[in-house]
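I opened a fresh notebook page for this one. My notes on what I looked up follow the structure.

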Amino acid sequence: MATLEQIAEALRSAERVTILCHQFPDGDTLGAGTALCRALRRLDKRAAVHCSDPIGPKYAFLFRDLPDDDFENGLVVSVDVADRSLLGEPLLSRYGKIDFAVDHHRSGIPFAAESYVDPTAAATCEIIFDLLKLLGVPLDRLLADSLYTGVTTDTGCFKYVNTTPRTHRIAAELIEAGADSVEIDRAMFDTKSRARIEMERRVLDSIRFTRHGEIALILITKQMIGETGVVEDDLDGIASIPRSIEGVRIGITLREKDDGAYKVSLRARPPADASVICGHFGGGGHKGAAGCTLAMPVGEAAEKILAAAERYLSEGV
Ligand SMILES: [Mn+2]
C-alpha cells in the first residue's frame, strides 16, 4: 500500500496522467476524476479522465471546463474503482497496467501496482481532497463542485452511516471555496426524470417482503428498463428504496444484467452488515451497502439472497 504522499510525489513528477473511473459512473468516481484532472492541469500537466460508459446529462456539469484529451504513456490512476473488472470495456483492454488505485472500498481486490485505500473515507473525493492539499493546488469553485458532488452522492446527502465529522468538515471547506451545494444537492437528490418516476412505479410494484417486513426485495429487469427508457443516471439511488421502508433492516435490489445474471445491491440498517451477506456470494462492499452477482434465473437468485439475509438476521452469519 502506497502512502498518499508517495502518490502526490509520483503525480508531481509525471508529465501526463490518465485517470480512470469505474463503469456505471457515479458522482464519486466522476467527482474524484474531474477534480484530480483539473488539479493536474493547473500544475501544467496533461491530464485526461476516461470512463467506459458515456457521461449522462446528470453529471455533464462536472466536465464543463474540461476539454477531452487522450494520449499514451501517461501515469495511470484509477479512482473509486474497487475491482479491476469494474473498469468495464473498453478501458479493461486498453489499460493493462494501472499504476495507482485510489479508493475507499474496504473489500476491494488489489489490482494496481500500488494502492491507496482508506475505508474510513465516506467517498474517494475525501481522499482526493487530501491529495490536492499535498499537491499544493488551492481549491476553487470548479474543484470544489467536483469534490462536493462525490461527497454528497456517496453519503446520500450526508445521511448514510459512512458520514463522519470529517465528511462535514470537508464539505464545509468545499462550500467556503465556492461549491454550489444547494444547486448540486437539488440536481442530485430532488430532481427526477419522468422515466425515473415510471421506473419507480414498476419497482414499487415488484416489492416483496419477508421476515415480517424486516427484509424487502425489489427487482429491476431489462424489460422494465426498456419500457421506461431510463438511462443509467436515472437508476441512481433506486437501491435505497427498500431500506427506506419502516421496519426494513435489509433492503435488496436485484438487477438483471445484459448477460442475464443478476447484480445484487444490498443495503443494511445498522448494526446489520451488508458486506457479510454479499461476502457469501463472492461480493463485498461496505457495512451499509454491498453487492454481489448471482448468475442464475431471477426466481432462484431471489430465493438465494433472501435465504442468506434471513439467516444473517437469525444467526448473525
Ligand atoms: Mn465511492
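**Ground rules.** For accessibility I call a residue buried under 20% relative accessible area, exposed over 50%, and partly exposed in between (1.4 Å probe, protein chains only). I'm working with a predicted model, where local features need pLDDT of at least 70, side-chain atom pairs count only at pLDDT 80 or more, and totals for chains, interfaces and linings use all residues. Residues are numbered from 1 along each chain as its sequence is written, and side-chain values use heavy atoms, with hydrogens and water left out.

**Entry 1: the domains.** I looked up the split first: domain 1 covers 4–189 and domain 2 covers 194–315, with bounds from an automatic or database domain assignment. Taken over C-alpha atoms, their centres sit 26 Å apart.

How many residues of each domain are in contact with the other? I get 12 from domain 1 and 13 from domain 2, contact being heavy atoms within 4.5 Å. Together the two domains bury about 1,000 Å², and 48% of that is on carbon and sulfur atoms. Buried area here is the accessible area (1.4 Å probe) that two parts lose on being put together, summed over both. On the domain 1 side, F24, R106 and V161 supply 44% of the area buried against domain 2, more than any other three residues.

**Entry 2: polar links across the interface.** I found 1 salt bridge between domain 1 and domain 2. My rule for a salt bridge is a side-chain nitrogen of Lys or Arg within 4 Å of a carboxyl oxygen of Asp or Glu. I also have 4 residue pairs in polar contact across this interface, both residues at pLDDT 80 or more. A polar contact is a pair of N or O atoms within 3.5 Å; within protein, one must be able to donate a hydrogen and the other to accept it, and residues adjacent in sequence count only if both atoms are side-chain atoms. The domain 1 residues touching domain 2 divide into 6 nonpolar, 4 polar and 2 charged. For that tally, Ala, Val, Leu, Ile, Met, Phe, Trp, Tyr, Cys and Pro are nonpolar, Asp, Glu, Lys and Arg are charged, and the others, Gly among them, are polar.

**Entry 3: salt bridges elsewhere.** The whole structure has 25 salt bridges. Helices (H or I, at least four residues) and strands (E, at least two) are DSSP runs, numbered from the N terminus.

I checked D69 with R46: closest N and O atoms 2.8 Å apart. This pair links distant parts of the chain, with D69 in the loop between β2 (46–50) and β3 (75–79) and R46 in strand β2, 23 residues apart. D69 is partly exposed at 21%, and so is R46 at 40%.

R196 and E200 come to 2.7 Å at their closest N and O atoms. Both lie in helix α8 (residues 194–205), 4 residues apart, about one turn. Buried or exposed? R196 is buried at 9%, and E200 is buried at 13%.

E232 pairs with R255 at 2.8 Å. I place E232 in the loop between α9 (222–228) and β8 (250–256), and R255 in strand β8. E232 is partly exposed at 26%. Shared partners also join R194, E198, R201, R202 and E227 into one salt-bridge network.

**Entry 4: D118.** D118 is in the loop between β5 (114–117) and α4 (124–135) and is buried at 13%. Its side chain makes a 2.6 Å polar contact with that of T120. Leaving aside neighbours within four places in sequence, D118 is in contact with D103, H104, I127 and R166.
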